Amino acid sequence: MTFQLIGRASRLIGIAGLALAPLAAGAAEYTFRLAHVTSDKEPIQQAMEEFAKNVETRTDGAVAIQIFANAQLGSNPEVFEQIRAGAPIISISDPGYLSDFVPDFGVLGGPYLMDDPRDFTKIVESDLYAEMKDRLRSESGIELLSLNWLFGARHMLADKAISSPADTEGMTFRTPPNIMWVETFNAMGARPTQVAWGEVYSALSAGVVDGAEAPLPSIHGAKLHETKKTISLTGHFKGFTGLMMNADLFASLPEDIQTVLDEEANKAGVFMTDVMLNSEEEWISKLEAEGVTFNRDVDIAAFQDATAEVYTKFPDWSEGLYDRVRAILDN
C-alpha cells in the first residue's frame with residue numbers, strides 16, 4: 001500500500017513502519033485524502049469543503065486536504081480498512097460502523113431517538129461520548145474527530161405512500177449492512193435486505209427491493225426518485241456522521257495540528273447541521289419539480305411504538321445504556 005502522508009522537507013515521517021520521502025520546499029507539510037461515497041452535489045460535500053478550507057487556512061497551508069467523493073477511493077468498508085492500516089485518509093463514519101468496535105455507539109443511530117436534531121449536541125458534549133471515544137481509540141486504533149454532522153432525517157421511498165407500520169408490513173426494504181437498520185425494519189414488519197449504496201438504484205429498478213430510505217439530498221443525489229415516485233416523511237432516523245482517521249497517525253501529528261483538525265471537524269458539523277435543517281423544504285420543492293409526490297400524513301407515534309423494542313435487541317450494550325442516553329437527551 002502506498003501512503004500519502006507528506007513530511008516537511010527537513011525530516012522524514014514513518015507511518016505503519018514506512019519511511020516517507022519529503023516533498024520539495026514550499027509544499028504542504030501534510031496531505032490527507034478525505035473520502036465519502038455520496039455525490040459531490042450533496043450537502044456533505046459542502047461541509048467537507050468548509051472543513052478542508054478552514055484547516056488549510058488555520059495551519060497557514062501546512063495541511064492540505066484533498067476531497068474524493070462518489071466512492072473514488074472505494075466503498076466504505078474498503079476505505080475504513082485503509083484507515084485502520086494507517087493510510088492518511090480521513091473519512092465519514094457513523095454510529096453503525098463504530099458499533100462494530102464499540103457496541104455502545106449503536107444506540108446513537110437508533111430510531112426516533114430525538115425530536116430535535118440539535119439535541120444531539122448534548123450527546124457529543126457528554127461524559128458518555130468521551131468514554132466511547134476513548135474506548136474506540138484504545139481498542140480499535142480509530143481517532144474520532146467528530147460525530148456531529150447531521151446527515152439528515154431519513155425518509156421512505158416507494159411506489160406507494162407509507163403512513164404507518166401497517167404499510168411497511170411485508171415490504172422488502174434496502175438497508176445498509178447495519179444491524180440497527182435491520183432490527184428497525186424488522187420491528188416495522190418489513191423485510192430488510194442489505195444492498196450497498198452504489199447498487200440501490202439498480203436494486204429499486206429491478207424490483208430486488210420494494211423501497212429504500214435516505215435523507216432527501218441523498219435520494220436526489222443518487223437519482224433514486226427516478227425509480228420510485230413517492231416519498232413518505234417518516235423521519236425514522238435522524239442520522240449523524242462525523243470524521244475519523246487512524247489514531248496512531250493522529251497522535252504522530254504536532255499538537256497544534258491535532259487541535260485544528262479536532263476543532264474544525266466539529267465546526268464543520270455545526271455548518272452541515274445548519275445546512276440540513278434549513279434546506280429540507282428546498283429539497284422537497286426540488287424533488288416535487290422532478291415528479292415526486294410527498295406523503296406528509298404519517299403516523300409518527302405508531303412508528304415510534306413499533307420500533308421502541310429495538311432498543312432491547314442489543315445484549316452487547318453496556319447495562320443501562322439507553323436509559324443513560326435518554327437522561328442526557330431529556331435533561
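# Questions and answers on this structure

Q: What is the relative accessible area of Tyr-311, and does that make Tyr-311 buried or exposed?
A: This is a predicted model. A residue counts as buried under 20% relative accessible area. Tyr-311 falls under that limit, so Tyr-311 is buried, at 11%.

Q: At what angle do the ring planes of Tyr-311 and Trp-317 lie?
A: Trp-317 is buried, with a relative accessible area of 11%. The whole structure holds eight aromatic pairs. In the pair of Tyr-311 and Trp-317, the ring centres are 6.4 Å apart. The pair is tilted, because the planes lie at 50 degrees.

Q: Which residues form one aromatic cluster with Tyr-311?
A: Tyr-311 and Trp-317 pair through their rings, with centres 6.4 Å apart. The aromatic cluster takes in other residues too. Joined with Tyr-311 are Phe-314, Trp-317 and Tyr-322.

Q: Which residue lies over the face of Trp-283?
A: A charge counts as over a ring only if it is within 6 Å of the ring centre. Here the distance from the ring centre of Trp-283 is 4.2 Å. The residue over that face is Lys-286.

Q: Which residues of helix α12 are buried?
A: Helix α12 spans residues 300-307. Its buried residues are covered by elements that include β7, α6, α7 and β11. The buried residues are Phe-303, Ala-306 and Thr-307.

Q: Why do the buried residues of α12 lie on the same side, and what arc do they cover?
A: Phe-303, Ala-306 and Thr-307 are buried in α12. An α-helix has 3.6 residues a turn, so residues three or four places apart point the same way. The buried residues are on the same side of α12 because they cover an arc of only 85 degrees.

Q: How far is the nearest side chain of opposite charge from Lys-133?
A: Lys-133 sits in helix α5, residues 127-140. Lys-133 is buried and has no salt bridge. A salt bridge needs a nitrogen within 4 Å of a carboxyl oxygen. The nearest side chain of opposite charge, Asp-262, is away by 4.5 Å.

Q: Which residues does Phe-250 touch, not counting residues up to four places away in sequence?
A: Phe-250 is in helix α10, residues 247-252. Phe-250 is buried, with a relative accessible area of 5%. Asp-262 touches Lys-133 and is also among the contacts of Phe-250. Those contacts are Glu-143, Leu-145, Met-245, Gln-258, Leu-261 and Asp-262.

Q: How many residues apart in sequence are the parts tied together by Asp-274 and Arg-118?
A: Asp-274 and Arg-118 form a salt bridge, with closest N and O atoms 3.0 Å apart. Asp-274 lies in helix α11, and Arg-118 in the loop between α3 and α4. The pair therefore ties together parts whose separation in sequence, in residues, is 156.

Q: What is the relative accessible area of Glu-143, the salt-bridge partner of Arg-137?
A: The closest N and O atoms of Arg-137 and Glu-143 are 2.7 Å apart. Arg-137 is partly exposed, at 32%. Glu-143 is buried, with a relative accessible area of 4%.

Q: Which residue forms a salt bridge with Arg-154?
A: The closest N and O atoms of this salt bridge are 2.8 Å apart. The pair links distant parts of the chain, from strand β7 to strand β10, 59 residues apart. Both partners are buried. The partner of Arg-154 is Glu-213.

Q: Which residues do salt bridges that share partners join into one network?
A: The whole structure has 14 salt bridges. Some of them share partners. The residues joined are Arg-58, Glu-263, Glu-264 and Lys-267.

Q: What is the phi of Ala-71?
A: Most residues other than glycine have a negative phi. Ala-71 lies in the loop between β4 and α2 and is partly exposed, at 31%. Its phi is positive, at about 60 degrees.

Q: In which loop does Lys-223 lie?
A: Lys-223 also has a positive phi, near 60 degrees, and is not glycine. Lys-223 is partly exposed, with a relative accessible area of 46%. Its place is the loop between α9 and β11.

Methods. Residues are numbered from 1 along each chain as its sequence is written. This is a predicted model: local features need pLDDT of at least 70, side-chain atom pairs count only at pLDDT 80 or more; totals for chains, interfaces and linings use all residues. Side-chain values use heavy atoms; hydrogens and water are left out. Buried means under 20% relative accessible area, exposed over 50%, partly exposed in between (1.4 Å probe, protein chains only). Helices (H or I, at least four residues) and strands (E, at least two) are DSSP runs, numbered from the N terminus. The arc is that of the directions from the helix axis to the C-beta atoms. Contact means heavy atoms within 4.5 Å. Lys and Arg count as positive and Asp and Glu as negative; His and the chain ends are not counted. Rings of Phe, Tyr and Trp (its six-membered ring) pair if their centres lie within 6.5 Å; planes under 30 degrees apart count as stacked, over 60 as edge-to-face and the rest as tilted. A charge sits over a ring if NZ of Lys or CZ of Arg is within 6 Å of the ring centre and within 35 degrees of the ring normal.
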